[in-house]
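Please open the structure in your viewer and keep the sequence panel visible. The tour below proceeds by selections, each followed by a short account of what is to be found there.

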Amino acid sequence: MRGILYFLVSYLLFFTTVMEVRAEQREMVECGQCHQAVIERAEKSRYTHSVVLKDCRICHTAPKEVVQSTEISLESPSRDFIYHIKEVEDVPYTAMIQLKDDMGALSEPYRLEFFKKDLPNRSGDFKPVKDPPAPTVAGIKKKGFYSAKIVWEDSTPTSFSIECREKGGSDLKALSSTDLYEWLHEVEVRGLYQGKYLCTVTVQDLFGNEIRSAPFLVDTSTVSMNKAEVHDSVLTIKRALIFKISGRPGVFLEVHASRPSYCRISLKAKHETAEGSHFKIDRYTTIKACVGCHQFSVSHPVGVRAKSEDVHVPDDMSTIEDGVITCATCHAPHGADRPFLGKFEFRKDLCLKCHSKQIYFK
Ligand code: HEC
Ligand code: HEC
Ligand code: HEC
Ligand code: HEC
Ligand code: HEC
């Protein structure tokens, strides 16, 4: 019995090590498919840097992506609208848009990819709001409390806030939609008592200009039942696009649906970590990775550029970020024919390649 157990355990161990070797070999084959010359040079060097033949990604890290998602659900049904997404970073985004109606019918999802700095600026395509809104009461419903449907249309897309005060009473109802811009507004003010209310609507255009309506009367004692509309057409997104407006933060998403519906927006931001993609020769590749293994043998300041008059880095010495010296400025990371993986003859006056004055080490 113990024999079988031992066999099983050793078999498992064997299996996992084989798997590891395979993963490593696959990696080398993967980079070697296109960079065979690098591997050959490394193997043929008199002084091989063994880590190079083990795994290229020790220094050339694979791109790492972190996806951050945000879900936005519109609370009221709309047909043609613009949604203001205020916080957008300088990274690639994917937006998935989907519509849903009262009956639960769903549209096909609509996919948009964008990068804020590449988006068109459409400030010239919209007019600033000029006339105050002229809302009308389209119907009063009673369902416990009373609710009033208020309707108006603007010549340019606007967001709104509504305030209704009970005449001769203390009831106050306020409602606003600050991220959603529409041409046609159909707003339901709920929770009203029986009686008369004086309401005002304030609208704001895409540029931030505000204008307020004259006060208008909402009389909940005149209940008028308006029938629920029946829809049988297919719910589709006819058009969706993303743009910028001068002087406003973030981006604007414009959606045109086949009929009023609730919109769900799912935003995914793709962040690349500082390590970046594997073929960037950056601080990670040339300094951070090296210091990870050689922390006690750093032989010269790195991550700095020449600032004094006496120091000048010649063109045959590689730097990053236009002049910042790294470990690879003096060392050949893949292997070299000189001791200490020297790119240059260290015995000759290496120091004088950059320092015009004789400078002594250690
Ligand atoms: C399908 C082919 C292919 C594979 C596989 C590949 N590379 Fe590359 N790599 C390239 C090409 C082509 C370039 C040149 C890109 C350029 O100059 O913009 C490049 C560039 C690079 C550079 C930058 C060279 C320079 O001079 O700036 C590094 C470093 C690099 N690759 C490392 C790797 C590593 C490590 C792997 C394995 C994880 C790998 N590559 C896999 C094709 C490949
Ligand atoms: C010890 C860290 C390290 C490892 C491991 C490593 N590299 Fe590099 N690699 C570097 C550094 C640093 C540079 C920049 C060299 C310079 O500036 O002279 C570089 C440059 C490159 C370049 C562009 C310049 C050239 O020499 O062609 C390629 C391509 C490359 N590496 C591919 C690879 C491949 C393929 C592997 C695996 C077989 C690998 N590297 C393993 C550190 C490493
Ligand atoms: C994963 C650990 C590791 C990383 C990362 C690494 N090295 Fe090494 N390095 C070694 C080991 C181990 C040796 C000893 C020789 C061998 O086995 O390759 C070595 C040898 C060297 C030597 C020769 C030392 C001597 O006494 O001859 C130099 C120089 C060197 N590395 C520079 C670098 C530079 C520059 C980088 C970054 C581009 C780097 N190393 C990244 C592990 C590492
Ligand atoms: C200005 C050139 C220069 C730069 C930059 C440089 N080195 Fe060196 N390095 C040398 C010289 C020269 C030697 C040989 C020193 C000696 O003879 O003791 C050396 C030796 C080494 C050695 C082997 C000796 C030992 O102390 O173990 C390692 C490992 C090494 N360097 C790693 C690094 C790493 C890692 C970096 C980046 C953090 C770096 N070097 C940056 C010039 C440089
Ligand atoms: C690739 C060019 C280059 C080479 C080669 C080089 N240095 Fe430097 N060195 C620099 C830079 C750049 C600085 C930092 C910025 C400055 O002082 O302008 C620096 C700074 C120094 C400093 C620190 C000076 C201070 O005031 O903090 C010393 C010490 C030094 N180097 C010694 C040496 C020695 C010894 C050698 C030869 C083994 C050498 N350097 C080779 C470019 C180089």
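Which residue in β10 does T202 stand opposite? Select T202 together with strand β10: the partner is R212. Please bear in mind throughout that this is a predicted model.

**Stop 1: strand β9 and its partners**

Select residues 196–205, which form strand β9. Its side chains alternate between two faces. Y197, C199, V201, V203 and D205 point to one face and are buried. K196, L198, T200, T202 and Q204 point to the other face and are not buried.

Next, add strand β10, residues 210–212, which runs antiparallel to β9 and is joined to it by three bridges. The two strands form a hairpin with four residues between them. In the turn, select G208, whose phi is positive, at about 100°.

Now add strand β7, residues 145–166, which pairs with β9 in the antiparallel sense over nine bridges. To locate this pairing, select E166 and Y197, which stand opposite each other.

Strand β11, residues 216–219, also pairs with β9 in the antiparallel sense, over four bridges. Here the residues to select are K196 in β9 and D219 in β11, which stand opposite each other.

**Stop 2: the nonpolar cores**

Clear the selection and pick A95, F252, L253 and I265. These residues have the most contacts inside the largest nonpolar core, which has 20 residues. The elements that each give two or more residues to this core are β3 (78–85), β4 (93–100), β8 (172–192) and β13 (251–272). Which of them supplies the largest share? Select β13, from which eight residues of the core come.

Keep I265 selected and display its surroundings. Leaving aside residues up to four places away in sequence, I265 touches I72, Y83, A95, I97 and L253.

Apart from this core lies another, of 16 residues. To find this second core, select V129, I140, L192 and V203, which are among its members. V203 has already appeared in this tour, on the buried face of β9.

**Stop 3: the surroundings of ligand 1**

Select ligand 1 and show the residues around it. How many residues surround this ligand? There are 11, and the closest are C31, C34, C56, H60 and F279. By class, the shell comprises five nonpolar, four polar and two charged residues.

**Stop 4: loops and exposed positions**

Select M103, in the loop between β4 and β5 (110–114). Is M103 buried or exposed? M103 counts as exposed because it has 8 C-beta neighbours inside 10 Å, and the limit for an exposed residue is 12 or fewer. Add S261 to the selection: M103 and S261 are 158 residues apart in sequence, yet 10.0 Å apart in space, C-alpha to C-alpha.

Proceed to E321, in the loop between α3 (283–293) and β14. Phi of E321 is near 45°, a positive value in a residue other than glycine. Most residues other than glycine have a negative phi. E321 is exposed, because 10 other C-beta atoms lie within 10 Å.

A positive phi is also found at F340, where the value is near 60°. F340 belongs to the segment after β14. With 13 other C-beta atoms within 10 Å, F340 is partly exposed.

In the segment after β14 (335–336), select E345 as well. E345 counts as exposed, because it has 9 C-beta neighbours inside 10 Å. Its C-alpha lies 9.6 Å from that of C330, and the two residues are 15 apart in sequence.

**Stop 5: the whole chain and its confidence**

Finally, select the whole protein chain and colour it by pLDDT. The chain has three helices and 14 strands. Of its 362 residues, 20% are buried. Among contacts with a separation of 6 or more, 68% join residues 24 or more positions apart.

The mean pLDDT of the chain is 85, and 85% of its residues reach 70 or more. Where is confidence lowest, and where is it highest? Helix α1, residues 2–44, has the lowest mean, 59, whereas β10 has the highest, 97. Select residues 1–28, over which pLDDT stays under 50. For these residues the model has four contacts beyond four places in sequence. Where pLDDT is low, the predicted coordinates should not be read in detail.

Note on methods:
Residues are numbered from 1 along each chain as its sequence is written. Chains are lettered from A and ligands numbered from 1 in the order in which they are written. This is a predicted model: local features need pLDDT of at least 70, side-chain atom pairs count only at pLDDT 80 or more; totals for chains, interfaces and linings use all residues. A nonpolar core is a set of buried Ala, Val, Leu, Ile, Met, Phe, Trp, Tyr and Cys residues joined through C-beta atoms within 7 Å. Two residues are in contact if their C-beta atoms, placed from the backbone, lie within 7 Å. A residue is near a molecule or strand if its C-beta atom, placed from the backbone, lies within 6 Å of it. Ala, Val, Leu, Ile, Met, Phe, Trp, Tyr, Cys and Pro count as nonpolar, Asp, Glu, Lys and Arg as charged, and the others, Gly among them, as polar. Two strands pair if DSSP finds at least two bridges between them. pLDDT is the predictor's confidence in each residue, from 0 to 100.
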